[in-house]
Each structure stands twice: as structure tokens, then as C-alpha cells.
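This report is meant for a reader who is meeting this structure here. Please look over the sequence and the model before reading on.

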Amino acid sequence: MNSIVRQREPFRWDGVPLLAYKADPAEARFEGVTRQVLFGDALELGVELRYFEVAAGGHTTLEQHEHVHAVMIVRGVGRCLVGDKVHEVAPHDLVSVPPHTWHQFRASDHEPLGFLCLVRCDRDRPRRPDAGDLERLRADPAIAAFIRA
Ligand code: MN
């Protein structure tokens, strides 16, 4: 394991592959999202630190799960749904996603949105909304206008 990994261009690191956001794109609706694992389980911390980048106009999957996310925005501006609220986010804002809480990130139309996301290595699979979940979410006009599902 290298002690130092250099950033060679903005938001790309030596030897860190640029991955698809989700292994199976058919499994979840998202657009223009890449994933880089900055710290995997090699350090045996029990957590992974990932860098996600959502292209301008893109969005992550609307999902929830038992595990939590600790997020720091590091590039661009955008908005995120956490639970029943849509928030504007900008660099160095911190976003906590509690267990079993609907969440989705959207970039602005003009620039990518990049964020660091800390998760447990041992974590459950995300759950997508079913028709009943979507109906409950869309009861709030602000959420209805925001979500992509
Ligand atoms: Mn998630």
C-alpha cells in the first residue's frame, strides 16, 4: 500500500480507477455519476471513503438503507434530498444521511457536483422506492419537483 497517492489532475488520483456508480446500471435510475474508492478496506478501519461525481444535470439514485452516509461536498453546487427536506449544498458543506432515510443528490445544470462519502465496509444493499413510497414522497410538492425515480 502506498503511503501517498497523488492527485494528478483535479479529482483524479494516481492508480484510483474511475468506476461506474453502480455495478449494474439496470438496477437503479441515475445519470452521469462516477465513483472512485479513495480508501478501501486495506487499512482495516471498517469504513470506505469514496469520491462520487455527478455530471452537470445528473443525479444519484433515490434510495434508502440501514447504513449511514457521512458526506462532504468538495466540488460544485447542487441539491440533495435527505428525508423530507431538499437542501442546497456547496463546497465543504457536511451532509449526514441517517439510517432508513430517503436520499438523492443532484448536480446543478452548469457544473459537476463532487462529494466524499464515508460508509461502513459491512453494509446492507440500498432499497429503491416502490409505488407507495413514491406516492408518499410526492405528497410534498418540493420533493415531487426534486426527485428523479
Ligand atoms: Mn445511499
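The sections below cover the basis of the model, the metal site and the pockets.

## Basis of the model

This is a predicted model, in which local features need pLDDT of at least 70 and side-chain atom pairs count only at pLDDT 80 or more, while totals for chains, interfaces and linings use all residues. Residues are numbered from 1 along each chain as its sequence is written, and side-chain values use heavy atoms, with hydrogens and water left out.

## The manganese site

Four protein residues, Glu63 (OE), His65 (NE2), His69 (NE2) and His103 (NE2), act as donors to the manganese ion at 2.0 to 2.2 Å, where donors are N, O and S atoms within 2.8 Å of the metal (3.2 Å for Na, K and Ca), and water is not among the atoms, so sites may look incomplete. Along the sequence, the spacing of these donor residues reads E-x1-H-x3-H-x33-H.

Glu63 is buried at a relative accessible area of 6%, and His65 is likewise buried at 3%; buried means under 20% relative accessible area, exposed over 50% and partly exposed in between (1.4 Å probe, protein chains only).

## The second largest pocket

A pocket is found on a 1 Å grid over the protein atoms alone, as an open set of points where a 1.4 Å probe fits, with protein on both sides within 12 Å along at least five of seven lines, and its lining residues have an atom within 4 Å of a point. The lining of the second largest pocket comprises 14 residues, and those nearest its centre are Asn2, Val5, Val16, Leu38 and Phe39.
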